[in-house]
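Welcome! Take a moment to turn the structure around on your screen, and then let us walk through some of its details together.

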Amino acid sequence: MNTIIAFIVIFGALVFFHELGHLVFAKRAGIMCREFAIGFGPKILSFRKNETVYTIRLLPLGGFVRMAGEDPEMIEIKPGQVVGLKFDQDGKVNRIIINNKDQHPDAKSIEVEQSDLEHQMFITGYESMMDEQLERFEISEESYFVMDGEEVQIAPYNRQFASKTLGQRAMAIFAGPLMNFILAFVIFLVIGLASGYSIDKPIMGELTKDGSAIKSGLQTGDKVQTIDGSAMKSWTDVVKTIQKHPEEELSFKVERDGKTKDISVTPESKKVGNETIGIIGVYQPVEKSVVGAVKNGFVETYTFTKEIITGLGKLITGQFSIKMLSGPVGIYASTDQVAQSGIYYLAKWAALLSINLGIVNLLPLPALDGGRLVFFLVEAVRGKPVDRQKEGLVHFIGFALLMLLMLVVTWNDIQRFFLQ
């Protein structure tokens with residue numbers, strides 16, 4: 001149960017902040033955002049604030065921000081259609097009743113002749129079939145369709161995604177992955193402020209209770225000067241030297257309380273893959289400071305970003321097999337293992353997943369944010385946007401292929417974690 005809760009909280013947070021990035025920058029650009037959703041499928045919980053409906057859906061496998069003009073509008077008014085009109089205090093139409101007009105007896109019923117609900121914002125029609133007087137009605141800037149008892153806000157063109165500048169549209173899309181990197185930085189920053197951050201100095205950190213380091217007399221805070229006569233300038237030097245000598249006695253010269261001590265330590269052997277390394281049971285040293293925590297947040301975010309990109313490069317070049325990829329099932333299984341190590345490691349795992357989500361979404365693949373940005377780049381070069389139907393078809397095909405990849409990855413995860 002703890003693992004399930006941890007998985008839902010972590011995955012939900014990653015998706016929430018990713019979609020929040022899209023939402024914030026879309027609204028800053030003046031784009032009408034119809035829905036902010038966490039998950040897919042049927043709605044579990046929803047509420048409206050201003051013009052946006054916030055929902056939590058059944059399947060916690062992602063999320064979306066539904067921007068006006070980006071999704072196919074389901075409601076269309078055609079000539080000859082009979083609709084009901086309601087008006088605001090200025091005499092402009094603020095409600096267009098599509099059906100169930102008998103539930104709105106105060107609405108003015110007209111047979112539509114023409115309408116423009118994007119640019120000029122008007123509708124014309126006849127009050128009855130026998131009426132020869134064509135009437136024109138202005139549509140309020142904030143107006144709604146009413147269909148099946150639900151209101152859907154009408155989006156003038158200046159509130160639609162396509163009406164914004166290329167820079168505004170690109171930023172609204174890029175903001176999702178950007179927020180994942182920011183979230184990772186914040187997590188590393190909080191960890192650094194709360195628990196300290198690792199430093200690359202030749203100093204003994206916390207010792208395990210049963211390791212050869214504590215058995216030999218080493219103490220936390222000892223500064224390692226040499227090992228077997230070789231100078232130690234960093235924690236990396238200490239680790240590499242210990243790992244190279246499993247089950248071999250090493251002579252440590254350490255500085256403690258201003259005095260020099262010689263201590264003999266025999267590293268225990270540990271199997272890592274096909275290699276046997278030496279360990280003595282000591283953690284990397286840590287420090288605490290606000291400036292250091294901020295710097296560490298940037299360094300950790302950069303380091304993990306670089307490693308993930310390198311791994312993706314190896315996957316593309318065939319150095320990694322597709323079987324090494326993990327989906328939700330693999331993430332859940334790994335979360336279970338990490339959760340057993342404590343909240344500190346769980347937080348770092350969340351930061352790593354956030355970076356991973358940001359990078360994957362920036363890949364130049366259809367249906368991903370990176371794919372959208374590629375089309376914006378093409379638009380910048382051509383000087384005009386790609387046909388929306390053609391772009392939509394590319395994203396649809398890309399989405400189908402991504403779902404196929406997800407099925408393959410999920411099956412690999414099931415075999416790796418549950419069927420072996």
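## A friendly tour of the model

Our tour begins at Glu-76, found in the loop that runs between S2 and strand S3 (82-87). Please keep in mind that this is a predicted model. With a relative accessibility of 56%, Glu-76 counts as exposed, because the cut-off for exposed is over 50%. Now look for Ile-279: its C-alpha atom is 70 Å from that of Glu-76, and 203 residues separate the two in sequence.

### Rings that pair up

How many aromatic pairs does the structure hold? There are 10 of them. Let us look at two.

In one pair, the ring centres of Phe-36 and Tyr-54 are 5.8 Å apart and the ring planes meet at 50°, so this pair is tilted. The word follows from the angle, because planes under 30 degrees apart count as stacked, over 60 as edge-to-face and the rest as tilted. This pair links distant parts of the chain: Phe-36 belongs to strand S1 (residues 33-49) and Tyr-54 to strand S2 (residues 52-67), with their positions 18 residues apart. Both Phe-36 and Tyr-54 are buried.

In another pair, the rings of Phe-40 and Phe-64 have centres 5.9 Å apart and planes at 20°, so they count as stacked. Phe-40 sits in strand S1 and Phe-64 in strand S2, so the pair ties together parts of the chain that are 24 residues apart in sequence. Are these two rings buried or exposed? Phe-40 is partly exposed, with a relative accessible area of 35%, and Phe-64 is also partly exposed, at 22%. Partly exposed is the name for values between the cut-offs, because buried means under 20% and exposed means over 50%. From Phe-40 you can also look across to Leu-365, which is 325 residues away along the chain; their C-alpha atoms are separated by 21 Å.

Rings can also gather in a group. Phe-16, Phe-17, Phe-36, Phe-47 and Tyr-54 form one aromatic cluster, so you meet Phe-36 and Tyr-54 again here, after their tilted pair. Elsewhere, a ring has a charged partner: Arg-136 lies over the face of Phe-122, at 4.0 Å from the ring centre.

### A buried residue in a strand

Next, find Ile-123 in strand S6 (residues 122-126). Its relative accessible area is 0%, so Ile-123 is buried. Ile-123 and Phe-137 are 14 residues apart in sequence, while their C-alpha atoms are 5.3 Å apart in space.

### Two aspartates with positive phi

Which residues other than glycine have a positive phi? Among them are Asp-148, with phi near 55°, and Asp-257, with phi of about 55°. The table puts the two together.

| Residue | Phi | Loop between | Relative accessible area |
|---|---|---|---|
| Asp-148 | near 55° | strand S7 (135-147) and strand S8 (150-153) | 55%, exposed |
| Asp-257 | about 55° | strand S12 (250-256) and strand S13 (259-265) | 75%, exposed |

### Inside the second largest pocket

How much space lies in the second largest pocket? The volume is about 970 Å³. This pocket is lined by 29 residues, and those closest to its centre are Ser-198, Trp-235, Val-282, Tyr-283 and Gln-284. By class, the lining has 15 nonpolar, 9 polar and 5 charged residues.

Several elements each supply at least two residues of this lining, including strand S9 (197-198), helix H4 (235-243), strand S14 (268-272) and helix H7 (343-362). Which element gives the largest share? That is H4, with 6 residues.

### Checking a helix

Let us finish with a small calculation on helix H6 (residues 328-339). At 1.5 Å a residue, its 12 residues should span 16 Å, and the end C-alpha atoms are indeed 16 Å apart, so the two values agree. The expected span comes from 1.5 Å times one less than the number of residues.

Which residues of H6 are buried? They are Gly-330, Ile-331, Ala-333, Ser-334, Thr-335 and Val-338. As you look at them, it helps to recall that an α-helix has 3.6 residues a turn, so residues three or four places apart point the same way.

Methods
Residues are numbered from 1 along each chain as its sequence is written. This is a predicted model: local features need pLDDT of at least 70, side-chain atom pairs count only at pLDDT 80 or more; totals for chains, interfaces and linings use all residues. Side-chain values use heavy atoms; hydrogens and water are left out. Rings of Phe, Tyr and Trp (its six-membered ring) pair if their centres lie within 6.5 Å; planes under 30 degrees apart count as stacked, over 60 as edge-to-face and the rest as tilted. Helices (H or I, at least four residues) and strands (E, at least two) are DSSP runs, numbered from the N terminus. Buried means under 20% relative accessible area, exposed over 50%, partly exposed in between (1.4 Å probe, protein chains only). A charge sits over a ring if NZ of Lys or CZ of Arg is within 6 Å of the ring centre and within 35 degrees of the ring normal. On a 1 Å grid over the protein atoms alone, a cavity is a set of points where a 1.4 Å probe fits but cannot get out, and a pocket is an open set with protein on both sides within 12 Å along at least five of seven lines; lining residues have an atom within 4 Å of a point. Grid points are joined across faces, edges and corners, and a volume is the space filled by probe spheres set on the points. Ala, Val, Leu, Ile, Met, Phe, Trp, Tyr, Cys and Pro count as nonpolar, Asp, Glu, Lys and Arg as charged, and the others, Gly among them, as polar.
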